[in-house]
Amino acid sequence: MSAQTERLNRHGRPILYGMAMDTRRCVACQACVLACKAENEVPSGGFRDWVVTEVRGRFPDLSAENRSERCNHCGTSPCVSACPTGASHVNDGGTVQVSRNRCTGCKACVAACPIGARYVHPEGFVDKCTFCLHRVEVGRPPACVEVCPTRSLTFGDLNDPDSEVARLVQGRRFHVSKAEAGLEPHLFYLD
Amino acid sequence: MASKVSRRQFIGIGAATFGAATVGSGLASDWWGRDRPHVTRPETDGDKVVPTFCELCFWKCGVLAHVKDGRVTKLTGNPLHPLSKGRLCPRGVGGTGLLYDPDRLKAPLVRVKSRGEDAFEVVSWDKALDVVAENLVKIRDTYGPEALALFTHGYGGSWFTHLLKAYGSAAIGAPSYAQCRGPREVGYQLTFGAGLGSPEAIDLENARVITLLGSHLGENMHNTQVQELAEAIGKGAELVVVDPRYSTAAGKARYWLPIKPGTDLALLLAWMHVILTEKRYDADYLATHAVGLDKLMEHVKDKSPEWAWPITGLKPELIRESARFIASARPASLIHPGRHVTWYGDDTQRSRALAILAALLGSWGRRGGYLVPSGMTVPAFPYTAYGRKPKSPPDRGKGDRYPLADETLASGLCDATLPGQALYDLKGWIVYGTNLVQSLPSPQRTLEAIQKLDFLVAIDVLPAEITGWADVVLPESTYLERCDDVWAPAYKQPFVAVRQPAVEPMYDSKPGWWIAREIARRIGLSDYFPWADSTEYAMHRVKAAGLDCDALKRTGVALGAAAPCCEEDGLGLAFDTPSGKIELYSEQLAALGFDPIPVYRPVEEPPAGMFRLLSGRAPVHTFGRTANNRELAELYPENEVWINADAARALPGFEDRPLASGERVVLVNQDDVRSNPVKAKVTERIRGDCVYLVHGFGHTSKGLGFARGRGASDSQLTTRVVVDPIMGGTGMNVNFVRLERAEA
């Protein structure tokens with residue numbers, strides 16, 4: 001699919017892919033991590049997504065939050081700005097992608113990414129979450145969304161007010177990674 | 001890096017929705033990649049997709065195996081299967097890590113040195129099976145067939161169960177009973193006239209309050225239950241979690257009760273006290289369906305939250321408030337029955353207390369509570385009737401111990417192997433798919449028993465510790481390489497599922513049905529194995545059930561008509577107890593000399609400087625059987641010992657430098673058994689009187705190239721059990737450990 005074509009949704013607005021991650025439902029099982037690795041042939045030692053459990057407080061007054069994390073496909077995309085070869089680029093649906101054929105493995109993007117979403121593939125290029133664009137463009141959800149036994153992950157078009165993901169982001173309280181960095185992230189952690 | 005796949009291959013399953021926009025875009029060619037950004041497309045969709053069911057744990061979810069060029073590329077959930085509903089737990093996804101484990105058993109082995117030295121020679125199947133046959137005949141001729149026992153876990157075990165019955169022995173035990181869920185089955189049977197079986201037909205999805213007592217759902221990944229738990233949370237259900245550890249579920253709970261280990265029964269009695277004295281129970285339901293309410297009221301009248309406070313360490317307000325909260329949602333207030341419940345030896349009584357509490361809430365046979373399951377009828381394959389009735393298995397010692405055990409005790413079979421301990425001695429073991437060195441407590445005793453055997457054959461996929469103690473080791477194909485019997489459990493949605501091979505058996509491994517038949521053939525039991533292969537067997541049953549074989553092979557599962565499973569569906573409740581009612585007071589127990597209503601009795605406390613050892617699960621592992629699975633182990637390579645942060649600061653022996661997370665310690669139990677060095681996890685998430693290990697680590701088998709030596713084995717430290725006098729379950733949370741800094 002050509003990266004230059006801007007696809008419009010049925011409301012005439014450009015498609016903007018995003019994900020809502022429900023921290024209340026998630027049990028931190030890591031099925032998302034394994035499904036991603038299998039789907040995308042992520043090599044041993046590399047991860048396109050990962051799970052964080054954050055516990056606060058002192059015994060017995062504790063609180064916990066589970067998050068399935070990955071590239072936020074940020075609107076400001078510092079990785080794209082940092083890339084000297086144009087390998088990191090904004091692709092369909094506002095997703096941030098890496099062209100392996102243009103990547104020299106210089107790691108400027110790795111340094112620029114505030115959430116640590118990227119790793120260096122053993123074959124020399126930088127790799128990260130694609131939002132499973134190869135599945136999305138044929139109408140299937142990303143592998144992590146499909147496998148999740150708790151249905152914590154919802155993927156879709158943020159610019160379609162009728163999409164489940166847009167409704168969740170509209171209707172629920174959420175927080176984002178590195179809010180202070182102003183990244184315009186497209187991954188929302190529902191409280 | 002241009003993709004070399006043809007477009008037809010790539011389109012695969014998603015062909016119908018593959019948009020016209022991509023056609024003709026030059027996807028597969030190299031020339032346009034030079035100047036336009038190009039995103040590489042993974043090609044893991046199978047050319048062939050084989051529906052089957054999982055064996056990474058006992059839940060047996062429906063999976064779709066994607067096969068490409070003869071390799072399984074990935075496993076996804078079967079959307080049609082009621083246990084997976086299109087989704088899998090991490091273990092299910094990681095099944096390929098078992099199939100392609102480089103440490104798999106690859107050929108039949110026969111022992112060459114003394115037993116336990118783990119020295120074998122590779123032999124042909126003919127040779128190995130001849131040795132097995134010769135020994136089974138010798139045991140049958142010398143001692144009688146009953147001297148042979150089968151230990152089994154996993155669905156492929158059915159072929160060996162059949163073999164043993166044909167051979168003439170009833171000594172068939174699974175550690176999943178007396179070491180796991182047995183007390184629960186008996187406790188619920190006594191109360192409601194029905195156990196829960198597996199998968200449990202509980203209605204988490206429609207519950208409004210869910211109470212977990214020692215169940216760490218979310219860390220144990222019973223896929224369907226976790227799915228329903230999340231659905232319930234999504235719909236606004238609240239959790240009450242009783243656990244000395246701040247489990248994943250506790251992190252989501254409205255009330256977390258960090259109870260002192262071993263005092264759950266006191267809490268349950270206090271909850272009943274609040275619900276009964278404040279008249280928050282379902283009086284109409286109990287009047288219609290239950291007996292013994294007056295006696296129960298009398299029994300708990302002085303078991304106030306104030307009484308339970310010093311016992312449990314839980315403040316009276318917390319007990320009272322949580323009891324009211326639980327009662328507020330009845331009958332859609334689900335008391336989760338738990339699964340691994342062999343803790344203190346009074347486990348049948350604690351399970352009964354859970355059942356009684358559920359009865360007070362009117363939740364048995366009600367939506368949001370316990371559903372009454374039904375199954376599809378799948379007639380048996382017609383084979384020769386078994387011969388004379390064998391003697392009862394010798395798993396109950398010399399007399400009439402454990403009167404209400406309704407399955408064979410695996411631990412009892414092990415004991416009966418030590419000469420003179422039981423009604424008769426066992427002389428041979430067939431061990432299928434269960435690593436008895438970890439799945440039974442007191443491995444020291446298990447190994448002592450093994451040394452008394454005339455013969456031990458182990459059938460397994462991996463070189464688990466037990467295989468190192470066998471005389472013959474037979475390498476079985478994994479679930480992805482074989483067809484097994486069909487599965488049609490009783491559940492809220494009746495179904496029949498098939499297991500079919502996705503790929504050919506690797507190495508010189510063979511499926512279990514073939515191994516069992518070849519042994520049978522050699523010992524004159526061919527008549528019992530008249531089928532050509534397991535597919536013929538399975539499809540014969542499918543046809544006899546009136547189902548379409550081809551359709552079932554295509555979909556992996558057939559659904560039956562859902563029968564009413566709760567009162568709201570129009571089900572009339574009936575209870576298979578002596579009174580025909582829910583027994584809050586059990587005459588059956590009274591007649592046997594047991595407490596007719598559960599009584600709290602204190603358990604032994606850890607001495608100063610020691611901690612109670614508790615164990616549980618990690619979501620990416622099943623017991624010890626996945627510790628060597630590289631795909632899963634990448635996410636959880638070894639267990640850690642959880643210790644409370646304050647307790648860690650006050651640890652004796654660590655005065656010069658307090659214990660920090662990540663440092664290695666050795667656990668030393670009350671019998672001076674020392675663990676492998678294991679990482680400490682110093683945390684606020686656990687009480688200060690206990691420590692916690694995920695079960696299934698600390699492997700010692702030299703064949704387990706990845707798992708060997710990683711983490712500590714809780715089984716090894718479980719040198720002591722308290723046996724449940726009602727049904728023989730081995731309570732294992734009665735071991736204490738102290739911590740020593742591991743030498744660098």
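## Exercises on a predicted two-chain model

Both faces of S13(B) are covered: Gly428(B), Ile430(B) and Tyr432(B) on one side, Trp429(B) and Val431(B) on the other, are all buried (20 or more other C-beta atoms within 10 Å of the residue's own, with C-beta atoms placed from the backbone; exposed is 12 or fewer, partly exposed in between). The model is predicted: local features need pLDDT of at least 70, side-chain atom pairs count only at pLDDT 80 or more, and totals for chains, interfaces and linings use all residues. Residues are numbered from 1 along each chain as its sequence is written, while chains are lettered from A and ligands numbered from 1 in the order in which they are written.

**Exercise 1.** Find the strands that pair with S13(B), and give the sense of each pairing.

*Solution.* Strands are DSSP runs of E, at least two residues; helices are runs of H or I, at least four; both are numbered from the N terminus. Pairing needs at least two DSSP bridges between two strands.
- Step 1. Locate S13(B): residues 428-432, with five of five buried.
- Step 2. Take S6(B), residues 148-152: five bridges, parallel. Leu148(B) stands opposite Gly428(B).
- Step 3. Take S14(B), residues 455-460: five bridges, again parallel. Here Ile430(B) has Val457(B) as its bridge partner.

**Exercise 2.** Describe how H4(B) packs on H18(B).

*Solution.* Axes are lines fitted to C-alpha atoms, for helices over the stretch in contact; angles run from 0 to 180 degrees between N-to-C directions.
- Step 1. H4(B) spans 125-143 and H18(B) spans 512-522; their angle is about 55 degrees, with axes 9 Å apart.
- Step 2. That makes H4(B) oblique to H18(B) (under 35 degrees is roughly parallel, over 145 roughly antiparallel, 65 to 115 roughly perpendicular, the rest oblique).
- Step 3. List the contacts (C-beta atoms, placed from the backbone, within 7 Å). H4(B) gives Leu129(B), Asp130(B), Val132(B) and Ala133(B); H18(B) gives Glu518(B), Ile519(B) and Arg522(B).

**Exercise 3.** Which strands of the sheet S8-S1-S10-S9 in chain A stand at the edges?

*Solution.*
- Step 1. Read the order: four strands form an open sheet with mixed pairing.
- Step 2. S8(A), residues 153-157, and S9(A), residues 174-175, are the edge strands; each has a single partner, so one side of each lacks a neighbour in the sheet.
- Step 3. Check S8(A) against S1(A), residues 17-22: five bridges, antiparallel. Ala20(A) stands opposite Thr154(A).

Notes: Contact = placed C-beta atoms within 7 Å.
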